[in-house]
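Q: I have a model open and want to learn how to read it. Where should we begin?

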Amino acid sequence: MRELDTDILILGSGGAGLFAALHAHKAAPELSITVAVKGLLGKCGCTRMVQGGYNVALAREDSVERHFMDTIVGGGWLCDQDLAWKLVTLAVERIRELENELGCFFDRNPDGTIHQKAFAGQTFDRTVHKGDLTGIEIINRLAEQVWARRIARLEEHRAVELIKSKDGSAIAGVLFVDMRTGDYVFVRAKAVLLATGGGPTMYKYHTPSGDKSCDGLAMALRAGLPLRDMEMVQFHPTGLLAGAHTRMTGTVLEEGLRGAGGYLLNGLNGQPGERFMPRYDPKAERATRDLVSRAMFTEIRKGNTTPHGGLYLSMSHLGRDDVKKQFKGMVERCADCGFDLAGGLVEVVPTAHYMMGGVEFAPDCTTELPGLFVAGEDSGGVHGANRLGGNGVANSTVFGAVAGDAMAAWVKGAGYREPDRAAIAAAVRFCEGPFTRSASGNLESMREKLYDVMWEKVGIVRDAAGLLEAQADLNALDRGLDSYALPGRERAFNLTWHDWLNLKSLVAVSRAIAAAAAARRDSRGAHFRADFPECGALEHSTFTSIKDMSVSMKPVTFTRVKPGQTLLRDVA
Ligand SMILES: Cc1cc2nc3c(=O)[nH]c(=O)nc-3n(C[C@H](O)[C@H](O)[C@H](O)COP(=O)(O)OP(=O)(O)OC[C@H]3O[C@@H](n4cnc5c(N)ncnc54)[C@H](O)[C@@H]3O)c2cc1C
């Protein structure tokens, strides 16, 4: 097995991973830093897919207090308030850094100020963007800066296990599969950042990139790290519904479409029907994602659908030319799938988009395991029960940078640790499992089963009976995967092997989601229980162990503002 040493090892090259690399390098240029990534640096992950934009309080009439209150209220008061405060305050620094130091160009007003658009669930138009393809601008500039600094990279290297030190007291490194050869690589590091971007790709309709399969969260679970609020999975209301034959189904049409005044219509007798959102919420289509997705799900369950079982998005009343100009990328994406966004109707369905839950962490990105840091969508607590559109990329870039600074400081006092060699051998045995058995099982049907179980029983509306069934289904799926055998012995770019590894991670994390959803007997934010439809006590969940599937509920600590209060009174 190849072995490498690096001071700082970063898993993932999204907004969190790349910002961490740049900040660690700036803080301590003498350190060796390695970015290891399942895809190609700058070409994978969800930060690149960011469409709508980045929330930040820049305008004179806006304030970080206002951004904070929107985040807390939108998050159903479940956010860790210190993390949320860090998010809104450091977003201001980060957007300046993106423009002034890293070379991003965002859209501007005629007077030269940065243009900020409306996103749902916000009391001020504060979403900075580059047209409707903001993520490409951000990731291209970050990747260029990482390349320019000659930061080491291990591309097409899949992290498969976090390896602790021999005495179990800290992290010692990470085991990888080099996807190009199928060989194992062990990287010893003084500090490791988990930034693999979560990603709820276990649902039938989902938005995140195909390289994301919750590997980071699954590795954290196996390492015994507590995961917070795993039941909180966000569904974006407007996923494209373009048929079962295309991967475009489930991909997202950005929030700004509803922010700009787009309507959602149901279907009646095969024809476009009424605009239903005003019946569900006074903010109608501009309500937060959880409310809109649930209203859509209810209409779908009533059978008020398009011929393909979805609903319609209508923009034509806003003027064909304006829509074309404002949402060029979205208009093209819809045209590719045969829809006229600017002048006609587009079929949409809610789609799994984001995990608010993740590894518990402190505001300096440290975790319970010394030497292991976390940032971005792998972390939990910033967004509480529901993330505001535009707060996702702010989260990954803000905390990625915090982690980079913190790791640079941390490794100064740390040495390399002797890894637990038995744990490396066990992880290799686990990965080799499907090569060692005789052929059985069908991965495709297991994936379809996972999609359906999660969509039907652990999706937008849940209840005790469905969650119990889902837990049994997931356990059976896990057993099925454990007896699955690969048809061939080829190792280089063996995508079936990687599919099996993907499914192992997805099923492990799905079990945590289902267990946390069963433990939370109330409805809040993205988590809705048909059998407990009211909000209950303000508690967050902690999934503590994959072995005994235990979940504990803990009261939320209100460090800055209590329910019923607002920080805005203090603002002039
Ligand atoms: C279509 C879409 C549109 C979005 N639009 C917006 C928006 O407008 N505004 C907003 O705020 N947010 C938006 N989001 C959410 C936002 O993209 C994410 O919140 C954020 O970018 C996550 O950043 P990250 O760095 O944590 O993860 P990512 O950017 O997803 O990066 C994860 C990285 O980890 C790598 N990785 C995964 N597994 C492994 C492994 N086992 N080993 C090594 N590497 C691994 C991946 O290849 C990738 O490089 C959108 C998301 C999607 C999917």
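A: Begin with the polar contact: a pair of N or O atoms within 3.5 Å, where, inside the protein, one must be able to donate a hydrogen and the other to accept it. Keep in mind that this is a predicted model. Here is a case: the side chains of S209 and D211 are joined by a polar contact of 2.6 Å.

Q: Where is S209 found, and which residues is it in contact with, leaving aside neighbours within four places in sequence?

A: S209 sits in the loop between β9 (183–194) and α5. Beyond those neighbours, S209 is in contact with G45, C46, M49 and T201.

Q: Is S209 buried or exposed?

A: Use the cut-off: buried means under 20% relative accessible area. S209 has 11% relative accessibility, so it counts as buried.

Q: Now the ligand. Which residues come nearest to it?

A: The ligand has 40 residues around it, and C46, T47, G53, D211 and K212 come nearest. Two names return from the S209 discussion: D211 is its side-chain partner, and C46 is one of its contacts.

Q: Which polar atoms of C46, D215 and G392 lie by the ligand?

A: Take them one by one. A polar backbone atom of C46 is 2.7 Å from an oxygen atom of the ligand. For D215 the polar atom belongs to the side chain, 2.8 Å from a ligand nitrogen atom. G392 again offers a polar backbone atom, at 2.9 Å from an oxygen atom of the ligand.

Q: How much of the ligand does the protein bury?

A: Compare the ligand alone with the ligand in place. Alone, it exposes 1000 Å², and the protein buries 99% of that.

Q: Which elements give two or more residues to the shell around the ligand?

A: They are α1 (15–27), β7 (157–164), β15 (345–355) and α11 (391–412). With four residues, α11 gives the most. By class, the shell has 13 nonpolar, 20 polar and seven charged residues.

Q: How do I read the surroundings of a helix, such as α5?

A: Count its buried residues. In α5 (residues 215–222), seven of the eight residues are buried, so the helix is largely enclosed by the rest of the structure. The buried ones are D215, G216, L217, A218, M219, A220 and L221. D215 also has the side-chain atom 2.8 Å from the ligand nitrogen.

Q: What does the backbone do on either side of α5?

A: Check phi. Just after α5, G224 takes a positive phi of about 80 degrees. C214, in the loop between β9 and α5, has phi near 60 degrees, a positive value in a residue other than glycine. At 1% relative accessibility, C214 counts as buried.

Q: Where does E156 lie, and what is its phi?

A: E156 lies in the loop between β6 (152–154) and β7. Its phi is near 50 degrees, again positive in a residue other than glycine. E156 has 19% relative accessibility and counts as buried.

Q: How do I read a nonpolar core?

A: Look for the members that touch the most others. In the largest core, of 132 residues, these are L11, Y54, L98, Y203, V509 and I513. Helix α15 (residues 495–519) supplies the largest share, 14 residues. A second, separate core has 25 residues, including A242, M296, L341 and V346.

Q: Which residues is V509 in contact with, leaving aside neighbours within four places in sequence?

A: V509 is in contact with M202, C214, L217, A218, L221, M230 and M355. Among them, L217, A218 and L221 are buried residues of α5.

Q: Is a charged residue such as R289 buried or exposed?

A: Check the area, then look for a partner. R289, in helix α8 (residues 289–302), is buried, with a relative accessible area of 4%. Its side chain makes a polar contact of 2.6 Å with the side chain of E255. Not counting residues up to four places away in sequence, R289 touches Q234, F235, H236, P237, E255, R258, H353, N386, R387 and G389.

Q: What about T496, in helix α15?

A: T496 is partly exposed, with a relative accessible area of 32%. Leaving aside neighbours within four places in sequence, T496 is in contact with L443, Y484 and L486. For a distance along the fold, take V458: it is 38 residues from T496 along the chain, and their C-alpha atoms are separated by 26 Å.

Methods:
Residues numbered from 1 in each chain as written. Predicted model: local features only at pLDDT ≥ 70, side-chain atom pairs only at ≥ 80, totals over all residues. Heavy atoms only, no water. Near = heavy atom within 4 Å. Areas by Shrake-Rupley, 256 points an atom, 1.4 Å probe, with all protein chains shown as cover. Nonpolar A, V, L, I, M, F, W, Y, C, P; charged D, E, K, R; others polar. Buried < 20%, exposed > 50% of the residue type's maximum accessible area, 1.4 Å probe, protein only. Core = buried A, V, L, I, M, F, W, Y, C linked by side-chain atoms within 4.5 Å. Contact = heavy atoms within 4.5 Å.
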